[in-house]
Amino acid sequence: MCGIVGYIGHQKASDIIINGLKLLEYRGYDSAGIVTNESGHLLIQKKAGKVKDLEKILNFSSMQSNIGIGHTRWATHGEPNDVNAHPHTDSTGKIALVHNGIIENYTALRKKLIKDGYSFASETDSEVLAVFIGSIYANGNDLETSVRLALNEVEGTFGICVMCSDDPNTLIAARRGSPIVVGIGDGEFIVASDASAIIQHTRQVIYLADNEMAVISRHGVTTKTIDNVITNEQIEQIEFDLDAIEKGGYNHFMLKEIYEQPSTFRDALRGRLLTEEGNVKLGGLNPVAKELRSARRIIILACGTSWHAGLVGEYMIERLAQIPVEVEYASEFRYRTPIIYPDDVIIAISQSGETADTLAALKEARLKGATVLGIVNVVGSSIARETHAGVYSHAGPEIGVASTKAFTSQLAVLSLLALHLGRMNKVSSIEGKRIAEALDAIPSKIEEILKQEDTIKQIAEEYQDARNFLYLGRGYNFPVALEGALKLKEISYIHAEGYPAAEMKHGPIALVDENMPVVFIATKDDIYDKVISNIQEVRARKGKVIAIATEGDTHIESVANHVIYIPDTLPMLTPALSVIPLQLLAYHIAVLRGCDVDKPRNLAKSVTVE
């Protein structure tokens, strides 16, 4: 969501910070700002809009400092405007702060501070935290102590970076529920909410844990809890390369990431799929092998696209492992007094590993005694730290807000997990080998689908002005219908709904007329004939049918207006193929409509606040 960049070192801080903020633009934001310490005076410049709008007002000649912090804000408390943009300062203007997260008790803190004679310029909870820190600093405490004492009184979530005009040699960073990473360079240090802002300068980083702070001087970094206990966090290595966060010749990150899926799917399988044995090796699950064998039930927690992946996982795991699976919206799970048993296994799925609702839900499940696993993409993320065990999806950085390669990588991991659990139970080595071979062939089949981009673009040209879309699928492909509709909504702003095809007659068919495009996932499987009947019902009402079908199926051409073919595979693996044309269709419709594909309005890449 919001982006933080802080710098202290020997280079011009403003250059490092502005470049870092640009690298974090994909997270979603509506204003930006920067503060530098210019000879004992804090120079704050901020602007509603994009980083490019901020650059237009910057007085670069006055920004010579080699210490500063910057921020891109996604509004929660207070509308997007110049005043509510970060950084915020205390009442003296000596202390500046940037903040990701939500201070839940900010109203009570604000009332207390007003009673004590303090005033506020903005509507934000973040300014309240800055003024609160300043009130403690005014009582004779140093910056580190002031931040630490304030954070002990704060309720809610935060990722912060703080500086003070009195101390041009110190940055303070801290986190609770919102990621903070500290990059360690050669005589310089970079604080960020995402490693993408650091990779240009160093690969060595420290990931702060919850309720931990970093005191950063020009000579080094000290980590400690907000209770003042030294922690000495280990230095880790960023695994991805700089080209992973660059467009590489593509017009948009989303298109690049769609085309990366053969590689990212293969990466999710690499070293894990034992094709000849018809089995799977998931070393990250070794600590919970006993719990997996005795699992009474599996509950999958996720949001958005990850929730759709979880639905596919439910079908696969129940089919192969014969274990009951429930898929829950993480945002609803902990608010409905869920019944959790000690022999339940909870699987949290999140691309970023920082999704606030999912993180809170898994903490609730863990508190109630369940075994908690994670399927995440980002190493060192909060969910990876909070779970008993897990599996990384290895998709690499995903910059486009609308998830593509992360979804198929999650499907790859869930396929491996389903096969792993199945082999623990009733799946034979012969069936296991058949599934493993089919999994191994998926990347090359995705490559075949991508060759049809021009055909899909032609379909997009015909339907770019549609006001509504309906997406229908059955079985394993029902979640793909949901995902296809979500992609179109996210980036083109066309209203779209996904349904099980059989549910069409229970309401959605009332919407079908000659202006309604209906996308059917109609691959060859046990319920193919049922889907064909649903297509006929749409055609009888003059609806326009776009069908995703299995190669060699010539019959479907007689009932559909357009057909996009995908290679044949096992029914349980079809979603990893059928989703690719839907990603491309959404992409090209959005481009034709002039939408900002990589940064759609009102959306953030990682939802780190509830």
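Is E364 buried, partly exposed or exposed? With a relative accessible area of 22%, E364 is partly exposed, and the points below, written about a predicted model, set this residue beside the other charged pairs and then turn to one of the sheets.

1. E364 and its partner. The side chain of E364 forms a salt bridge with K368, and the closest N and O atoms of the two residues are 3.5 Å apart. K368 is partly exposed as well, its relative accessible area being 32%. Elsewhere, salt bridges that share partners join R175, D210, E354 and K363 into one network.

2. The wider count. Side chains of opposite charge can pair when their charged atoms come close. In this structure there are 23 salt bridges, and the next two points look at two pairs for which the place of each residue in the chain is known.

3. K363 and D210. These two residues, which belong to the network mentioned in the first point, form a salt bridge in which the closest N and O atoms lie 3.3 Å apart. K363 sits in helix α11, residues 356-367, while D210 sits in the loop between β11 (204-207) and β12 (212-217), so the pair ties together parts of the chain that are 153 residues apart in sequence. As for their surroundings, K363 has 33% relative accessibility and counts as partly exposed, and D210, at 23%, is partly exposed too.

4. K405 and E260. A salt bridge also joins the side chains of K405 and E260, with a distance of 2.8 Å from N to O. This pair links distant parts of the chain, since K405 belongs to helix α13 (residues 405-424) and E260 to the loop between α6 (253-259) and α7 (261-269), the two residues being 145 apart. K405 has a relative accessible area of 3%, and because buried means under 20%, K405 counts as buried.

5. The eight-stranded sheet. When the strands are followed across this open sheet, their order is β3-β2-β4-β1-β10-β9-β11-β14, and the pairing is antiparallel. The edges are formed by β3 (41-48) and β14 (236-237), each of which pairs on one side only.

6. The edge at β14. Which residue of β14 is the bridge partner of V205? The partner is E236, and the strands β11 and β14 pair in the antiparallel sense over two bridges. A reader tracing the model may find it useful that β11, residues 204-207, also borders the loop that holds D210, the residue that forms a salt bridge with K363.

Notes:
Residues numbered from 1 in each chain as written. Predicted model: local features only at pLDDT ≥ 70, side-chain atom pairs only at ≥ 80, totals over all residues. Heavy atoms only, no water. Salt bridge = Lys/Arg side-chain N within 4 Å of Asp/Glu carboxyl O. Helix = DSSP H or I, 4+ residues; strand = E, 2+ residues; numbered from the N terminus. Buried < 20%, exposed > 50% of the residue type's maximum accessible area, 1.4 Å probe, protein only. Pairing = 2+ DSSP bridges.
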